[in-house]
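Q: Please take a close look at one part of this model, a strand with its neighbours, and describe how the surrounding elements are arranged around it. I would like the cut-offs behind each term to be stated as you go.

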Amino acid sequence: MLVVTPNTCLDVTTWLGALTPGTVSRATRTVTVAGGKGVNVCRTLRVLRREHRLLGLAPRDDDRLPTLLAAEGCAFVPVPHDGQGRLSLIFLEDDGRATVVNGLGPDPAAWDRDALLPAVEAALVDAPAVACSGSLPPGLPDDTYGRVVELAHARGLEAFVDGSPAVLGAALPFEPDLVSPNLGEAEALLHGRADEAVEETGDDLVDRCVAAARDLHGRGARRAVVTAGSHGAALATSAGAWWLGAARVPVANPIGAGDSFLAGTTDALLSGAPDAEAVRRGMAVAAAAVQHPSGGMLDAALVAPALAALPEAVPA
């Protein structure tokens, strides 16, 4: 599968006792790895033994990103840019709280923005499907992922989109085969909601997820999934809508859970799983991923127990 993540980056993760703004903190550990939501998707696909390639931006004068990706066994199609690469700073505290500071990406003048879609089109030649994941760098129009969907459909391929509310909204008229926002992202797009809770709450949570999934499907998504963290997810397609409850697992690191979900779900779809079962598979993969101490990583042995713990999909 081709994974398109224009806004690739370096993830610099720092562990510390507690993060207190306005003070000096001392790290207990710091690790730098290749980053960007699509990188996490590729890591999960590798564990699931699904062939994949990543396409994204890379600085001309800094080989750290391609070197790190190669060390992980990830085939990379770079779109070069000048200047410094994007950074994402992640702070993990002893109590489990995570703080993420995401960089914007390269300046629009630092690269040829017209080169992206032709690179995608060339990479689609031998791909079974394409997944668009993550934010867009400054200067790219919001409908960039929609244009990728258009290129994929012209070749008879399915295209899956996981992007910010504005990018997701611009992709919907192109009828992506799957969208998978969390509830905060979905409601930001559909209702102009300003905040995004990490863990959603409320007695009406299921109804909100189902309503959002139905709305996204009505606006063009062939399959719309709206996730709600440890509570579960709603799925809407032309065949109806379902609620899928989540498995209860110990959480070591929640970073990248949505990316693992996207990888698990799309892998199942490409294997021929029915829609609701594919979403269950994605939820099991995400449940396994959050038990790993490093975000975006996965222990394959934990997927089957998580899948067995998941309830069946319930028509909504």
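A: The account below begins with strand E9 and then moves outward to other parts of the chain. This is a predicted model, in which local features need pLDDT of at least 70 and side-chain atom pairs count only at pLDDT 80 or more, while totals for chains, interfaces and linings use all residues. Residues are numbered from 1 along each chain as its sequence is written, and side-chain values use heavy atoms, with hydrogens and water left out.

Strand E9 covers residues 158-162 and is mostly covered, since 4 of its 5 residues are buried; buried means under 20% relative accessible area, exposed means over 50%, and partly exposed lies in between, with a 1.4 Å probe and protein chains only. Helices (H or I, at least four residues) and strands (E, at least two) are DSSP runs, numbered from the N terminus. Strand E8, residues 129-133, pairs with E9 in the parallel sense over 5 bridges, where pairing requires that DSSP finds at least two bridges between two strands. Within this pairing, Ser 133 stands opposite Asp 162 of E9. E9 is also joined by 2 bridges to strand E10 (residues 178-179), and these two strands run parallel; here the bridge partner of Phe 160 is Leu 178 in E10.

The connection from E9 to E10 passes through helix H5 (residues 165-171), and this β-α-β crossover is right-handed, a term that applies if, with the strands pointing away from the viewer, the path from the first strand over the helix to the second runs clockwise. E8, helix H4 (residues 144-154) and E9 likewise make a right-handed β-α-β unit.

Helix H4 has several buried residues, among them Tyr 145, Val 148, Val 149 and Leu 151. The buried residues of H4 pack against strand E1 (2-4), helix H3 (116-123), E8, E9 and H5, with contact meaning heavy atoms within 4.5 Å. After H4 comes Gly 156, whose phi is positive, near 75 degrees.

E10 also takes part in the surroundings of helix H7 (residues 205-218), whose buried residues pack against E10, helix H6 (183-191), strand E11 (224-227), strand E12 (232-237) and strand E13 (240-245). H7 has 14 residues and reaches 20 Å from its first C-alpha to its last, close to the 20 Å expected at 1.5 Å a residue, the expected span being 1.5 Å times one less than the number of residues. Buried residues of H7 include Leu 205, Arg 208, Val 210 and Leu 216. Cys 209 counts as buried at 0% relative accessibility, and H7 is followed by Gly 220, whose phi is positive, near 140 degrees.

As for the cysteines, the count comes to 0 disulfides, a disulfide being a pair of cysteine sulfur atoms within 2.5 Å. Cys 9 is buried, with a relative accessible area of 3%, and its sulfur is 13 Å from the closest cysteine sulfur, in Cys 42, which is too far for a bond.

One side-chain pairing can be added: Asn 40 lies in helix H1 (residues 37-47) and is buried, with a relative accessible area of 6%. The side chain of Asn 40 makes a polar contact with the side chain of Asp 259 (3.0 Å); a polar contact is a pair of N or O atoms within 3.5 Å, where within protein one must be able to donate a hydrogen and the other to accept it, and residues adjacent in sequence count only if both atoms are side-chain atoms.
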